[in-house]
Amino acid sequence: MKRALVTGASGAIGAAICRELAAQGRHVIAHAGARGEAVERLAEELRAAGHSAEAIAFDVTDADRARACLARLAEHAPIQIVVSNAGLYRDAPLPGMSPAQWREVVEVNLNGFFNVTQPLLLPMIATRWGRVVAVSSVAALIGNRGQANYAAAKAGLHGAIKSLALELATRGVTANVVAPGVIDTPILGGAFPPERIKSLVPMQRPGTPEEVAALVGFLASERAGYITGQVIAVSGGLG
Amino acid sequence: MPPDSATQANAPPAADLSSDELELARLIVSALNLETAPEAIAPEEPLYGEGLGLDSIDILEMSLAISKTYGVELRSDDPENERIFRSLRSLNAYVQARRAR
């Protein structure tokens, strides 16, 4: 049974990805930074449904702790699917953005990807089968007012993933980016009232977490073995 | 006159692998899933690029396998790496000199 780590699984998209991978028969390791209880409950829900799942909590920006937790997880068997989904936003127009807002968002979204993915790569490569999926955002493709930090960090994932894809192409490991658009989750809050969505999104509706998870699940599957180094948006035509 | 057996006894002919070199070659072939037969690796041929055609990630994997098997640490930032990894023979010499016995 292949093992899949999904970071940021306490969020709506992360949880949907966990459900999708569990349904595919993977052993799912649901990660949260601070919201450990939420992923414990998610893991219980998945096990109650007959799937294989566990929860783990650590701060993705703490490189040493991440490495230690991942080493323990991988002791059992290498983790062959990594979905780097943990994210954070601290919106502000750039002229008014604080250094802390810039730094925190880059730390979690971009450095967090490195801290979680890098330690898992050599063991994954040794199995000659792997899937790395980074969750980005359409903001990284087309920009978004108030999200220069978020867009920068997420766009950084694109360069990293494309390079990684080239490095691992001969070793059975693919690396791709999924860029969600406006997705109906609690994070949206009041920022996207229906009129705004109608004028912004060609399909005139938000997407669902399941629609994002469906693409992640496909990219993580055996059938997507010839797709690598790609950035694919799930955004109803936006961007 | 027959060759002086004392000078010939310890040095294998340059193109053949010593038993240590063969053992290392087997480790490399298995760790990297290479299609080459270990016996077919020429001891002086380049590991990187032409010759065996390995890339930087192969070197990483090889270093991990060597560390596990021989207890010899190879660091990716060692300035001597170009010399150490030049050929199977040079890599083996490095490993044999430092292995935990």
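1. Helix H8 of chain A, residues 209–219, contributes a series of buried residues in this predicted model. They are Pro209(A), Val212(A), Ala213(A), Leu215(A), Val216(A), Gly217(A) and Leu219(A). The cover over these buried residues includes helix H1 (12–23) and the strands S4, S5, S6 (173–180) and S7 (231–234) of chain A. An α-helix has 3.6 residues a turn, so residues three or four places apart point the same way.

2. Strand S4 of chain A, residues 81–84, is covered on both faces. Ile81(A) and Val83(A) are buried on one side, while Val82(A) and Ser84(A) are buried on the other.

3. The pairing of S4(A) with other strands deserves attention. Strand S1 of chain A (residues 3–6) runs parallel to S4(A) and is joined to it by three bridges. Within S4(A), Val83(A) is the bridge partner of Val6(A). Strand S5 of chain A (residues 130–135) is also parallel to S4(A), with four bridges between them. Here Ser84(A) stands opposite Ala134(A) of S5(A). The connection from S4(A) to S5(A) passes through H4(A), giving a right-handed β-α-β crossover.

4. The largest nonpolar core comprises 72 residues. The members touching the most others are Val6(A), Cys18(A), Val28(A), Ala30(A), Val83(A), Val178(A) and Val216(A). Two of these names appeared above as a bridged pair, Val6(A) and Val83(A), and Val216(A) is among the buried residues of H8(A). In soluble globular proteins, nonpolar side chains tend to be buried together.

5. Ala30(A) illustrates the packing within this core. With its neighbours within four places in sequence set aside, Ala30(A) is in contact with Val6(A), Ala9(A), Cys18(A), Val39(A), Leu42(A), Ala43(A), Ala53(A) and Ala55(A). A second core, separate from the largest, has 14 residues, including Leu24(B), Leu52(B), Leu74(B) and Val95(B).

6. Where do the two chains meet? Five residues of chain A are in contact with five residues of chain B. Helix H4 of chain A (residues 99–126) supplies three residues, the largest share of the chain A side. That side divides into three nonpolar residues, two charged residues and no polar ones. H4(A) is also the helix through which the chain crosses from S4(A) to S5(A).

7. Confidence should be considered alongside these points. The predictor assigns the complex an ipTM of 0.75 and a pTM of 0.90. The average pLDDT of chain B is 84, and 84% of its residues score at least 70. Where pLDDT is low, the predicted coordinates should not be read in detail.

Notes:
Residues are numbered from 1 along each chain as its sequence is written. Chains are lettered from A and ligands numbered from 1 in the order in which they are written. This is a predicted model: local features need pLDDT of at least 70, side-chain atom pairs count only at pLDDT 80 or more; totals for chains, interfaces and linings use all residues. A nonpolar core is a set of buried Ala, Val, Leu, Ile, Met, Phe, Trp, Tyr and Cys residues joined through C-beta atoms within 7 Å. A residue is buried if 20 or more other C-beta atoms lie within 10 Å of its own, exposed if 12 or fewer, and partly exposed in between; C-beta atoms are placed from the backbone. Two residues are in contact if their C-beta atoms, placed from the backbone, lie within 7 Å. Helices (H or I, at least four residues) and strands (E, at least two) are DSSP runs, numbered from the N terminus. Ala, Val, Leu, Ile, Met, Phe, Trp, Tyr, Cys and Pro count as nonpolar, Asp, Glu, Lys and Arg as charged, and the others, Gly among them, as polar. Two strands pair if DSSP finds at least two bridges between them. A crossover is right-handed if, with the strands pointing away from the viewer, the path from the first strand over the helix to the second runs clockwise. pLDDT is the predictor's confidence in each residue, from 0 to 100.
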